[in-house]
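Here is a short briefing on one protein structure. Keep the sequence and the 3D view open as you read.

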Amino acid sequence: MPEPRHPLFSTPPPRVLAHRGLVTERDAAHGVAENSFAAVAAAHAAGASIVESDCHLTRDGVVVLFHDEDLSRVTGDPRRVADVTAAELEAVMAPYGGLITLQQALDAFPTVAFNLDAKVEAVSEPMGRVIGPHGARVLVSSFSDERRRATLRSAAAHAKGGGRPATSAGTKTMVRLLVGLRLHLEPLVRSALAGVDALQIPERQGGVRVLSHRLIAAAHRHGVEVHVWTINDPDDMRRLIEMGVDGIVTDRADLALQTLT
């Protein structure tokens with residue numbers, strides 16, 4: 001495999017990406033929720049060097065780690081993240097492990113890299129502004145190629161010597177890549193992989209198999225890593241790493257670290 005394109009991947013794989021931090025059964029029984037300060041702290045304490053999370057924007061413009069557009073699944077509060085202030089969200093999240101903003105995550109865990117999904121269009125510019133000085137330890141992702149590129153542009157404008165963030169392919173880029181692989185169109189494969197550092201994918205999407213030996217080989221030819229989500233079974237973790245996958249995105253970072261390192 002060629003040299004990695006980004007310092008985040010300068011150490012040899014396999015990589016464990018802590019999906020929304022780490023919430024053990026014991027922590028869950030005490031009310032700790034995903035993407036909370038406690039969940040990120042638990043992932044760090046378990047030894048995870050990369051935390052995967054999601055970014056939304058509060059009503060007063062604060063970028064927070066939160067997956068859903070509204071608070072109902074996590075807290076029972078029906079309001080949208082975009083309709084509450086950071087202070088209001090902090091109060092709501094207090095019983096669930098505590099709110100963590102993107103700025104707090106980067107400041108409180110300086111040795112942790114963050115794989116961050118821009119969940120809505122409005123978050124791209126402020127998200128890029130926050131991560132700009134920390135690009136060497138951030139990977140920007142989104143199902144929307146437009147959102148991730150907007151975030152990357154904002155990060156570049158606010159880099160302050162922090163280097164560029166890494167990035168993973170969005171849905172349109174993945175479709176181009178899969179078409180190129182299926183039709184053996186190497187120029188299309190090459191153009192789809194240009195400008196991305198990782199493919200972060202499920203094994204299957206609906207009835208379509210996404211992961212294949214051919215995809216892994218093509219990615220590696222172009223210096224691109226392959227990370228598969230969301231894998232919680234140790235046997236599946238081992239199987240995928242043996243297949244050539246570079247990283248496992250998992251809810252059980254503690255178990256994955258025990259299994260793969």
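**Helix H12 and its surroundings**

In helix H12, the buried residues are Ala253, Asp254, Ala256, Leu257, Thr259 and Leu260. That makes six of the eight residues of H12, so this helix is largely enclosed by the rest of the structure. Bear in mind that the model is a predicted one.

**What covers H12**

- The cover over the buried residues of H12 includes two strands, S1 and S11, and two helices, H2 (37–46) and H11.
- Two of these elements, H11 and S1, are taken up in turn below.

**H11 against H12**

- Two packed helices are described by the angle between their axes and the distance between the axes.
- For H11 (residues 234–243) and H12 (residues 253–260), the axes come within 10 Å. They cross at roughly 50 degrees.
- An angle between 35 and 65 degrees counts as oblique, and H11 and H12 are therefore oblique to each other.
- The crossing of H11 and H12 is right-handed.
- On the H11 side, Pro234, Met237, Arg238 and Ile241 make the contact. On the H12 side, Leu255, Ala256, Thr259 and Leu260 do so.
- The residues of this contact between H11 and H12 are six nonpolar, one polar and one charged.
- Why can residues three or four places apart in an α-helix point the same way? An α-helix has 3.6 residues a turn, so such residues point the same way.

**A closer look at Pro234**

- Pro234 belongs to helix H11.
- Which residues does Pro234 touch, leaving aside its neighbours within four places in sequence? The contacts are with Leu255 and Thr259.
- Pro234 and Arg252 are 18 residues apart along the chain. Their C-alpha atoms are separated by 9.5 Å.

**Strand S1**

- Is strand S1 mostly covered or mostly uncovered? S1 (residues 15–19) is mostly covered, with five of its five residues buried.
- Both faces of S1 are covered. Arg15, Leu17 and His19 are buried on one side. Val16 and Ala18 are buried on the other.
- S1 pairs with strand S11 (residues 247–250) in the parallel sense, over four bridges. In this pairing, Leu17 stands opposite Val249 of S11.
- S1 also runs parallel to strand S2 (residues 50–57), and three bridges join them. Here His19 has Glu52 of S2 as its bridge partner.

**Strand S2**

- S2 is mostly covered too: eight of its eight residues are buried.
- Both faces of S2 are covered. One side holds Ile50, Glu52, Asp54 and His56, and the other holds Val51, Ser53, Cys55 and Leu57.
- How many bridges join S2 to strand S4? There are six, and S2 runs parallel to S4 (residues 113–118). Asp54 of S2 stands opposite Asp117 in S4.
- S2 pairs with strand S3 (residues 63–65) in the antiparallel sense, over three bridges. Cys55 stands opposite Leu65 in S3.
- S2 and S3 form a hairpin, with five residues between them. Gly61 lies in the turn and has a positive phi of about 85 degrees.

Notes:
Residues numbered from 1 in each chain as written. Predicted model: local features only at pLDDT ≥ 70, side-chain atom pairs only at ≥ 80, totals over all residues. Heavy atoms only, no water. Axes fitted to C-alpha atoms, helices over the stretch in contact; angles between N-to-C directions. Parallel < 35°, antiparallel > 145°, perpendicular 65-115°, else oblique. Left-handed = near helix turned anticlockwise from the far one by under 90°. Contact = heavy atoms within 4.5 Å. Nonpolar A, V, L, I, M, F, W, Y, C, P; charged D, E, K, R; others polar. Buried < 20%, exposed > 50% of the residue type's maximum accessible area, 1.4 Å probe, protein only. Pairing = 2+ DSSP bridges.
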